Structures are given as C-alpha cells and as structure tokens.
Amino acid sequence: MPTVFDTLPATAEEFSAWTWPRIAPCYDDLLARELTAANVEQWLTDWTRISALLDEVNTRYTIATTVNTADEETDRRYKVYLDEIVPPMLEAEQKTKEKLLASGLEPAGFAMPLRKLRADAALYREANLPLLSEARKQILEYEQVAGARMVEWEGETIPLTQISPILEDPDRARRERAWRTRSARILDDTPALTDLWRRMVGTRARIAANAGFDSYRSYRWQQMYRFDYTPDDTKRFHAAIEEVVVPAARRLNAKRREQLGVPALRPWDIDVDPTGREPLHPYATIGELETKTSNIFHAVDTELGGYFDIMRREGLLDLDSRKNKAPGGYSLSYTVTRRPFIFTNSVGTHDDVQTLLHEGGHAFHSFEVAPLPYLQQRSEQMTPIEFAEVASMGMELLAAPYLTTEHGGFYTPRQAARARVDTLRAIIIFWPYMAMIDALQHWIYEHQDEAADLARCDDYWATLEDRFRPDLDWSGLDVEKRAFWHRQGHVFADPLYYIEYGVAQLGAVQLFGNAQRDQAATVAAYRRALALGATVTLPELYAAAGIRFAFDTDTLRAGVELIERTIADLEPLAEQG
Ligand SMILES: [Zn+2]
C-alpha cells in the first residue's frame, strides 16, 4: 500500500515548494503508527526521508543567501520558510523524538542518537521557553553591538574586522596604531556590554535553575552532549597547557622578539611575520587553487582526491571572493543528495589554501558518513564537534607534506617549509589562548553572582593573562589587558563553546605524528573514523582514528615535542623562503 511518504519528491528543489499543510501528513503518519521492534527501522527510514528534505531545503537557502546576499527573492523565500515551516516542523520533530523515546525501543546503530535525544528531553521545561527566547534575543543584541563596530582608519571609516590584516604590517608604528584603534573601539562598548552581560548571566542562571541544575555550566554540558568528559577534565587540560605549551610558546616568542629586534613583545607584535618577508602568493586564479588543492588531496589519498574532484565537477565549490558574497568560510552537507558544499572567500593568500584544506576535511566527513541510513547518525548537528574538527584540522596537517610543486601543490620547498612552520607555530600560540577563554568561562559559571559584573570577569581575565601569556608586555595597557576577552564573541554568544578546538587540535596533532610513521594506515584509520558519523562515543571515534581523546599532560607533551621537532627540522629551509 502506498504511504504518504511515497508522494514525497525526490529532490529538495521540488520539495521547497511544499507548504506546511502538505508536509504535516508525514509527521501525522509517523505519530499515528504503532511503533514495534518489527517496524521501527521502516519508521526511522521514513522519518529520515522527511527530515532530510526539510534539512536540505534549509541548507540550500543558507547557501543561496550567502553566495548572493543581494538575491532578494531567495531571501524572501527563506524568511517564509523560517516563519511558516520551521516552527511547526520543530514541534512535530519534538513529538516524533518523544514517541521514539517513549517506545523504549533501541534500534541498531541508534544508541548514541538516543542518548542525545534523552538529554534533550531531560532539559526540556515549559517554563524555560520564554527564557530561551530572551537568551536568543540577548545574543542578537550582542551581535548588533559587535556588528556595529566601525573605526576611523587613515581617513576612512571601515568595519573593525578590516583592522586585522594591518596587524601583519612590518611597520611597527602602524601596527601599534591599528591595535590601539581596535582596542579603543571595543572599549567604547564597555557600558553597553556591562548592562547586557548582567542580563545574559542572569537569564542563563534562571534557565539552569528551572531545569533543576545547580549551575548553567551543568545545564550547558548536557545541552552540548558532553557525555564523555567533565569540567574537571578540561581543567586538567588547562593545567597541562600551562605546564607544557606555555613554555613552548615562550620559546617561540623569545625567538620572535629577537627576530623583530624589539626589547619586549607588545600585543601588536604577535601577528606580523618576524623576518619581515612579503606574504606568500600561492595562486593566481581560482582554477589554479582548485587544481593544486586537488593534487594535494590526491597525494594524501586517491579516494579523498576523487571526492574533491566530484565537488569540482558537480559545482559544489564556491571559493572566490566577490561582491554580494557573505564573509567567512564553511562546508555544509546536503542531507538528501548526501554531498557537501564548500564556501570560502579566497583572495590569493596562504590562508585561503589552509582554509580550503580545512573545509576539505569537513567535506570528506560528509562523503564518508553518506552510507549511514538515518539522519540522526550522520547529520552535522549530531556529529560531535570535538571530532568534526579532527577531520578538518587533521586534514590540514595530513596535507602539509604535499604543498610543494613536486606533488602538484603550490610552493617551492622553501616556501612550503615557511607555510608549514607558520601553521605549526600557530597551534602552539593558540592552545594557551584557548585555555584562557575556556578557563574564564568556568570561572564565570562557578561564580554566577559575582561574574554578572563584567568588571569582575575582567579582573579574573587579567590573572589568566599572567598565567598563560606571561611574556606579553602590557605596560601602560592595563585597561586593554583586562578587557581583551570582550572581543571573543563565543563568551557572549556561544557559552562554554571553545574547548572543542583545543581538544580536536590535539587529536589532529596525534594524526600528524601517526602519519609520519605510517601515512597510508593513518589515512585509512582517519577515514574509518569519519565514516562512523555520530554512531559511537567520542573516545571510540578517536580510537578508531588511531588517536586518544585526551586532556593529559603526557599526550600534550608528546604533541608539543612533535611540533617543536618539526619546526626545528623545517626552520633552516623556511628561513630562506
Ligand atoms: Zn572547522
């Protein structure tokens, strides 16, 4: 007997014309069916069919509105979708999840998705709906404050974000002016942020209390599905970073200070090339960027290279920077066609190459999970970020040995060595900063009353600067030092989200080490782990990739030693490049 699901179109393009009254019967059917061990797989298959179509329509709108921000017709249709389809869809999805949980069934390959659905259900409180909406509005308010930041720079009014490249200018006085201009602009927002922050922390505390949690951190931990590690694990990681990464960062900084010929490193001295070289120019056209990146991926693994070629053939890459394109870069997955799409703003720099290698890793993740039957096993929302970033950061490091023209890549051996040294240094410099942002947030949610006062957070931040970046010279910049974290949007808009990058980076570095011993086996394990999608725990995902999900000093020390050793090997060549 044909069901309502047999009337569904095969493609999201066709489906995007469907209104909610046409869609609703699918959910009605799922909710009406009596669920048994015998029919649960068909039920899950049908659920995936409808959810995947809805998800892909959303993805297509996201992509269409970012590749052309001036496309008013698409923008209008997306708003209709968000207003008319998404709210009833969320309600129907919630009921569908509840039905599965209530059935007590445990379909094969569904243990992890069920664990997440149970966590969602446990957090749900009717009383929190208005507070969650208030919290979302507070985030929008933060984004308005941050998005409105313009500065006067050399006779022009420019967005604050355009100051960053000037911090790489070899002219130290100009860098200092740029840095001070940026700081002053962010400090202008302190009164507004002080008021907004007090409300944000208050709302978060009430949400947690309503849901029966002692702190917002405990609530958020469940909400982010952090089943496999605790706040204490992340604190162990901070301590390990302090013990083994901070000294390594100090060694790099001492060398930087010497190369720059300055008595002390000021905050505007950390982004510039310390030897004053011109930036690398890896490619002239987008076609060249694509071809050379394809060659590099082929050198990593023939099949991964093949995935990238499919993306080229099928128009799944949008890499250039042009008018009416949104900023930034991403890889998103079409859940019906099971293909990824990569979006970047490439302008001719080495950063573009690094970004494409990174997004390529995410895209390969989408290819590898494609055979998994159910959306909850393979969707981006269910895939743990702590591992998704291993796929991408890991690919950056796995691809690094093939950047040279010898492998069809971009660079002479000297240039490639220089690019690789920069990437490895950035990892060492990032970890302490990551620990600071994470440690600040632990302090905030352990001291919810005190931390509602932005100035008290500033006090705590200053202690973190001393602990994790002791060699930065902040003389005469006390206010700037205390408020440095105000620029980190995550603390305001994505509470407690940041540690993922630090943990995944350690996973990526372990992959890099494994590849030096056995490249083929490492890439094979990497691919097997990606293919598991969201079906196993984080330690199991890491183990499948041949690495450890780790927060300890020994694993971190091994990673730091590997990085320092590789830098030392590459440096003589790099310094000629
Ligand atoms: Zn990423």
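How are the donor residues of the zinc ion spaced in sequence? In the predicted model described here, local features require a pLDDT of at least 70 and side-chain atom pairs count only at pLDDT 80 or more, whereas totals for chains, interfaces and linings use all residues. Residues are numbered from 1 along each chain as its sequence is written, and side-chain values use heavy atoms, with hydrogens and water left out.

The donor residues follow the spacing H-x3-H-x26-E. Histidine 362 lies in helix α13 (residues 350–369) and glutamate 389 in helix α15 (residues 385–399), so that the pair, 27 residues apart, links distant parts of the chain; helices (H or I, at least four residues) and strands (E, at least two) are DSSP runs numbered from the N terminus. Coordination of the zinc ion is provided by His358 (NE2), His362 (NE2), Glu389 (OE) and Glu389 (OE), at 2.1 to 2.7 Å. Donors are N, O and S atoms within 2.8 Å of the metal (3.2 Å for Na, K and Ca), and sites may look incomplete because water is not among the atoms. The angles among the four donor atoms span 52 to 137 degrees, and the site is irregular. That term applies to anything that is not tetrahedral (four donors, all angles between 85 and 135 degrees), nor square planar or octahedral (four and six donors respectively, with opposite donors over 155 degrees apart and all others between 65 and 115). Both histidine 362 and glutamate 389 are buried, that is, under 20% relative accessible area, with exposed meaning over 50% and partly exposed in between (1.4 Å probe, protein chains only).

An open sheet of three strands, ordered β3-β5-β4, shows mixed pairing; two strands pair if DSSP finds at least two bridges between them. Its edge strands, β3 (317–320) and β4 (330–334), each pair on one side only. On average, neighbouring strands are turned by 15 degrees against each other, direction ignored. Three bridges connect β3 in the parallel sense to strand β5 (residues 339–346), with aspartate 318 opposite phenylalanine 343 in β5. Helix α3 (residues 40–67) packs on the sheet through β3, β4 and β5, its direction making about 145 degrees with that of β4. Helix α13 also touches β3, β4 and β5, at about 170 degrees to the direction of β5. Axes are lines fitted to C-alpha atoms, for helices over the stretch in contact, and angles run from 0 to 180 degrees between N-to-C directions.

Strands β4 and β5 run antiparallel and are joined by five bridges; tyrosine 334 has arginine 339 in β5 as its bridge partner. The two strands form a hairpin with four residues between them, and arginine 338 in the turn has a positive phi of about 60 degrees. In a regular strand the side chains alternate between the two faces of the sheet. In β4, Tyr330, Leu332 and Tyr334 on one side and Ser331 and Ser333 on the other are all buried.

The largest nonpolar core (buried Ala, Val, Leu, Ile, Met, Phe, Trp, Tyr and Cys residues joined through side-chain atoms within 4.5 Å) holds 145 residues, of which Trp197, Phe237, Trp431 and Leu556 touch the most other members. Helix α16 (residues 413–446) contributes the largest share, 18 residues. Beyond neighbours within four places in sequence, the contacts (heavy atoms within 4.5 Å) of phenylalanine 237 include Trp431, Met434, Ile499 and Leu556. A second, separate core of 37 residues includes Trp18, Trp20, Val57 and Leu100.
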